Amino acid sequence: MIRFEIARSQKGIPILTTLAALLREKVPVAILAAPLLLLALLALSLPAAAQAGPPFIGDDPGTPGNGNWEVNVAAYNERHPIERIYNAPILDANYGWGPRIQLKYQVPYLVVGDDGGPTRSGLGKSLAGVKWRFYDDDEKGLQISTYPQLEFNNPDNSVQRGLTDPGTRFYLPIELTKKVGTFEINPEVGYWFASNRGAAWATGLVVGHDVNKRLELDGELYNTANTNGANHWNTFDGGGRCKLGEHFLLLFMAGRSFRGPASGQPQFFGYLGMQFLFSMKHKKESPSLLLSAPR
C-alpha cells in the first residue's frame, strides 16, 4: 500500500493520461518492463495467494497467508500546479509469516519535474514493516490489526538532490475491517513519529464491493496533516482490482484533493500496476477477490 511519503509521493486525470505523462517525461520503460516480465514468469508457475494493500493509500488487516507472497509492481503519478512526481516503478514485496503476520519491503524510483526546472530522479525512501492481525472474528465479520513501519533514506544522495526529505520516520497505525452485507468497510488511523517536521497524523476510510468474481471496486477518503500544520491533505479516490488470471491482478486507482491548486494539495494522483500472487506452500488463504481495501 503502497504507502507513500507525504512530502514526495502520496498517492488524479484518468489512468491512460498518467501513462501519457510518464512518456512525456521520458521515464525509461525498461525499468518497468524487466521486473514485470520476471515476476509474471514466476507467478504463472505457482499457485495464487491472498491479496492485501495497493492500490490505495490506506491499509487493512488482510495478510497474504502463511508462506504466501504478494508482489506489486506499479507506476504512480502525482500532479501539482507546478510540479509532477512519478514513482516508476514502485516495488512492493510482502510475505505471509504465519496466518496473521505480514512482512513488507517497498521502494520507489522517483522522477520529479518542476515547471522551468530540470528533471531529477533517484531512489525514494524505503518502507519496511510488519503487520499483525491480532483480532479475527469470522462470525462478526470483524478484523483488527496494527502495522508498524519504518521509513528511511537509501544511500544514493536523493536528499541532496531534493528528491526526499532528510531523516527517518516511524508509522504506527490501527486498521479495521468490518463486513456490512456485500460491502467491506476499512477505517485506519495512525501517527508518523519523527524527530523533525515530518511528524503527522493520518486517517482514512476505504469502502469496497465485489462486482463479480473478477472485479472489485472501492472508494477512499484520506486525510493527513503534519503536527506543525503543514502538508494538510484532504483527498478522495476510486479504483479497484481486476483478476486477470489465477496468479495476477490489475490494480488501478485515480483521485485528487478536495481543494484547489492554491492549497498545495495534489490536483491528481493515479496508480496503475500488477499484483503477482504466489506461494511457497502451494495453497491459498481465501478464494475471495475482496480481501482488503487497503492502504
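A residue counts as buried when its relative accessible area is under 20%, as exposed when it is over 50%, and as partly exposed in between. Asparagine 157 has 47% relative accessibility, so it counts as partly exposed. This residue sits in the loop between strand E7 (149-152) and E8. Its phi is near 65°, a positive value in a residue other than glycine. Please keep in mind, as you read on, that the model is predicted.

## The protein as a whole

Let us step back for a moment. The secondary structure comes to 3 helices and 14 strands. The protein has 295 residues, and buried residues make up 53% of them. About 12500 Å² is exposed by the protein, with carbon and sulfur atoms supplying 66% of that area.

## Strand pairing from E2 to E8

A walk along the paired strands can start at E2, which covers residues 83-96 and holds proline 89. Proline 89 deserves a look of its own: a cis peptide bond joins alanine 88 to it, with omega at about 5°.

E2 pairs with strand E3 (residues 101-114) in the antiparallel sense, over 12 bridges. Within this pairing, glutamate 83 has aspartate 114 in E3 as its bridge partner. E3 also pairs with strand E4 (residues 120-123), again antiparallel, over 4 bridges. Here leucine 110 finds its bridge partner in glycine 122 of E4. A further antiparallel pairing links E3 and E5 over 6 bridges, and in it isoleucine 101 stands opposite tryptophan 132 in E5.

From E5 (residues 126-137) the path goes on to E6, which runs antiparallel to E5 and is joined to it by 5 bridges. Aspartate 137 stands opposite leucine 142 in E6. Leucine 142 also stands opposite lysine 178 in E8, and E6 and strand E8 (residues 169-180) pair in the antiparallel sense over 5 bridges. How many of the residues of strand E6 are buried? The strand spans residues 142-146 and is mostly covered, with 4 of its 5 residues buried.

Three of these strand pairs come with a hairpin and a glycine of positive phi. They are set out here for handy comparison with your own torsion values.

| Hairpin | Residues between the strands | Glycine with positive phi | Phi |
|---|---|---|---|
| E2 and E3 | 4 residues | glycine 98 | about 85° |
| E3 and E4 | 5 residues | glycine 116 | near 80° |
| E5 and E6 | 4 residues | glycine 141 | near 65° |

## A nonpolar patch on the surface

Which residues make the nonpolar surface patch of about 640 Å²? They are Val180, Phe183, Ile185, Leu205, Val207, Leu221, Phe236 and Phe258. Strand E9 (183-194) and strand E10 (200-210) each supply at least two residues of this patch.

One of the patch members is Phe183, which lies in strand E9. Is phenylalanine 183 buried or partly exposed? Its relative accessibility is 40%, and because this value falls between the 20% and 50% limits, phenylalanine 183 counts as partly exposed.

## Strand E13 and its surroundings

The last stop is strand E13, which covers residues 248-257 and includes serine 257. Serine 257 has a relative accessibility of 1%, so it counts as buried. Which residues does serine 257 contact, leaving aside its neighbours within four places in sequence? The contacts are with Asn234, Thr235, Phe236, Ser263, Gln265 and Pro266. The side chain of serine 257 also reaches the backbone nitrogen of arginine 259, at 2.9 Å.

Glycine 255 has its place in E13 as well. At 8% relative accessibility, glycine 255 counts as buried because that value is under 20%. What separation do the C-alpha atoms of glycine 255 and phenylalanine 236 have? These atoms are 5.5 Å apart, while the two residues are 19 residues apart along the chain.

Phenylalanine 236 thus links two parts of this report: Phe236 is among the residues of the nonpolar patch, and Phe236 is also one of the contacts of serine 257.

Technical notes:
Residues are numbered from 1 along each chain as its sequence is written. This is a predicted model: local features need pLDDT of at least 70, side-chain atom pairs count only at pLDDT 80 or more; totals for chains, interfaces and linings use all residues. Side-chain values use heavy atoms; hydrogens and water are left out. Buried means under 20% relative accessible area, exposed over 50%, partly exposed in between (1.4 Å probe, protein chains only). A polar contact is a pair of N or O atoms within 3.5 Å; within protein, one must be able to donate a hydrogen and the other to accept it, and residues adjacent in sequence count only if both atoms are side-chain atoms. Contact means heavy atoms within 4.5 Å. Patches are made of residues with over 30% relative accessible area and no salt bridge: like charges are joined within 9 Å, nonpolar side chains (Val, Leu, Ile, Met, Phe, Trp, Tyr) within 5 Å. Accessible areas come from the Shrake-Rupley method with a 1.4 Å probe; for residues, only the protein chains shown count as cover. A salt bridge is a side-chain nitrogen of Lys or Arg within 4 Å of a carboxyl oxygen of Asp or Glu. Two strands pair if DSSP finds at least two bridges between them.
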